[in-house]
Every structure is written in C-alpha cells, then in structure tokens.
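Welcome! Here is a short tour for anyone meeting this structure for the initial time. Take a look, then read on.

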Amino acid sequence: MEYYSGKINQLIEELAHLPGIGAKSAQRLAFYLLNQPEENVKRLADVIVDAREHIRYCRECYTLTDREVCPICSNENRDHRTIMVVENTRDLAAYEKTGKYEGVYHVLHGAISPMLGIGPGDIRLKELMTRLQQDVGEVIIATNSSLEGETTAMYISKLIKPTGIKVSRIASGVPVGGDLECIDEVTLLRALEGRVEL
Ligand code: ZN
C-alpha cells in the first residue's frame with residue numbers, strides 16, 4: 001500500500017480493523033468515502049461518534065441501548081417473569097425479529113471459555129442472579145450451540161437449579177457452532193418452542 005499517501009493508508013488501515021473487512025474491501029471503502037461529498041462523510045463520522053458516546057447498557061437486561069431502561073424492559077405488555085438468556089445484543093435482535101417471543105431478555109455479553117480465559121466473572125452472570133431474586137417463572141437459556149455456549153448453559157443451569165426456578169434450553173435444532181443471528185426465524189422459533197427443561 002506504499003503507493004498511497006499517508007492519510008489514505010491510515011484510512012485503509014483503520015477500515016481494515018473492522019470485522020469482516022479485508023485489505024481489498026478496506027481499499028474499496030476508503031476510495032468510496034473519499035469520493036463522497038464532504039458533508040456525507042462528516043455525517044457518517046458524527047453518527048458513529050454519537051452512537052459510541054450515548055449507547056450504554058440497559059439497567060435491567062444489559063442490552064445496548066440509548067436509554068436507562070431499554071424499550072423491551074420498559075414494555076409492560078411483555079412477560080417479565082420469563083427471561084431469555086442470550087450471549088449478545090445481536091442474538092436478542094434475532095429473536096425479536098421472529099415477533100413471537102413475549103418475555104424479556106438477559107444479555108451476557110460473551111460466553112464462558114476456559115480456552116480464551118473467559119470465566120463466569122467476565123460475563124453478566126452475577127447481574128442475572130440478582131434479577132432472579134425478583135418474581136421469575138422461567139429462564140430460557142439461548143446461548144449458541146458452540147462449545148462456549150454449551151459450557152455457559154450448563155454453568156447457568158447449575159447456578160439456577162437450587163433456586164427452584166424453571167430452567168430450559170432452546171432445542172438443538174440450532175446447528176452446532178451456529179451463530180444465532182445467522183439462523184432463519186423459522187429455525188429460531190422451532191428451537192424456542194422445542195426447548196427442554198434442564
Ligand atoms: Zn432491557
């Protein structure tokens with residue numbers, strides 16, 4: 001990339017850090033941006049900075065939101081006694097897209113992975129246990145079916161069992177190692193409806 005000037009190289013390098021963007025895509029994006037009217041580029045930059053500054057965790061479920069309590073948790077028509085545990089906000093969005101789940105969520109922001117050195121203390125598990133002191137009827141564990149997701153599901157079910165709260169796991173119709181967000185809505189619904197009590 002030495003044939004580009006310093007600032008262009010810098011832009012390409014920054015873009016190449018984004019997930020799923022390789023060197024070629026980064027170059028294409030960089031030149032696309034450079035060919036846009038200045039105000040368009042500025043608006044994009046402002047939106048990114050503004051989102052980063054104002055997005056925070058929901059006080060109840062820890063999903064990313066720009067409010068203190070997210071729209072799902074503040075919706076009184078949702079069933080607040082059913083909590084679905086997911087690994088991240090994208091998984092939550094995948095279930096929301098089905099339009100059929102009426103409970104609320106708990107977002108862990110990760111999964112337990114001894115290999116990567118991620119332990120129970122590194123995800124939002126303590127916060128989940130605190131929530132369970134309220135009136136909760138069922139916890140549905142919807143972590144991915146990867147090794148980390150399964151490890152996390154086992155760990156959570158062992159933690160919750162003594163409380164007497166019903167714990168279930170979404171059905172294994174979700175392909176092993178499958179990212180929840182890449183799975184179609186029908187498969188997700190089937191996984192939810194076919195959940196088994198742990
Ligand atoms: Zn929330």
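## Two domains

The centres of domain 1 and domain 2, taken over C-alpha atoms, are 34 Å apart. Domain 1 covers 6-54 and domain 2 covers 76-197; these bounds come from an automatic or database domain assignment.

This is a predicted model, where local features need pLDDT of at least 70, side-chain atom pairs count only at pLDDT 80 or more, and totals for chains, interfaces and linings use all residues. Residues are numbered from 1 along each chain as its sequence is written, and side-chain values use heavy atoms, leaving out hydrogens and water.

## The zinc site

Cys-58, Cys-61, Cys-70 and Cys-73 each offer their SG atom to the zinc ion, 2.3 Å from it. Donors here are N, O and S atoms within 2.8 Å of the metal (3.2 Å for Na, K and Ca); water is not among the atoms, so sites may look incomplete. The site is tetrahedral, with angles of 105 to 115° among its 4 donor atoms; for four donors, that label needs all angles between 85 and 135 degrees.

Along the chain, the donors are spaced C-x2-C-x8-C-x2-C. Cys-61 sits in the loop between strand 1 (56-57) and strand 2 (64-65), and Cys-73 in the loop between strand 2 and strand 3 (79-86), so this pair ties together parts 12 residues apart in sequence. Strands (E, at least two residues) and helices (H or I, at least four) are DSSP runs, numbered from the N terminus. Cys-61 and Cys-73 are both buried, meaning under 20% relative accessible area, with exposed over 50% and partly exposed in between (1.4 Å probe, protein chains only).

## Helix 1

Asn-9, Ile-12 and Leu-15 are buried in helix 1 (residues 6-16). On the face turned away from that buried side are the exposed residues Gly-6 and Lys-7.

How values were computed: Four donors count as tetrahedral if all angles lie between 85 and 135 degrees; four count as square planar and six as octahedral if opposite donors are over 155 degrees apart and all others between 65 and 115; anything else is irregular.
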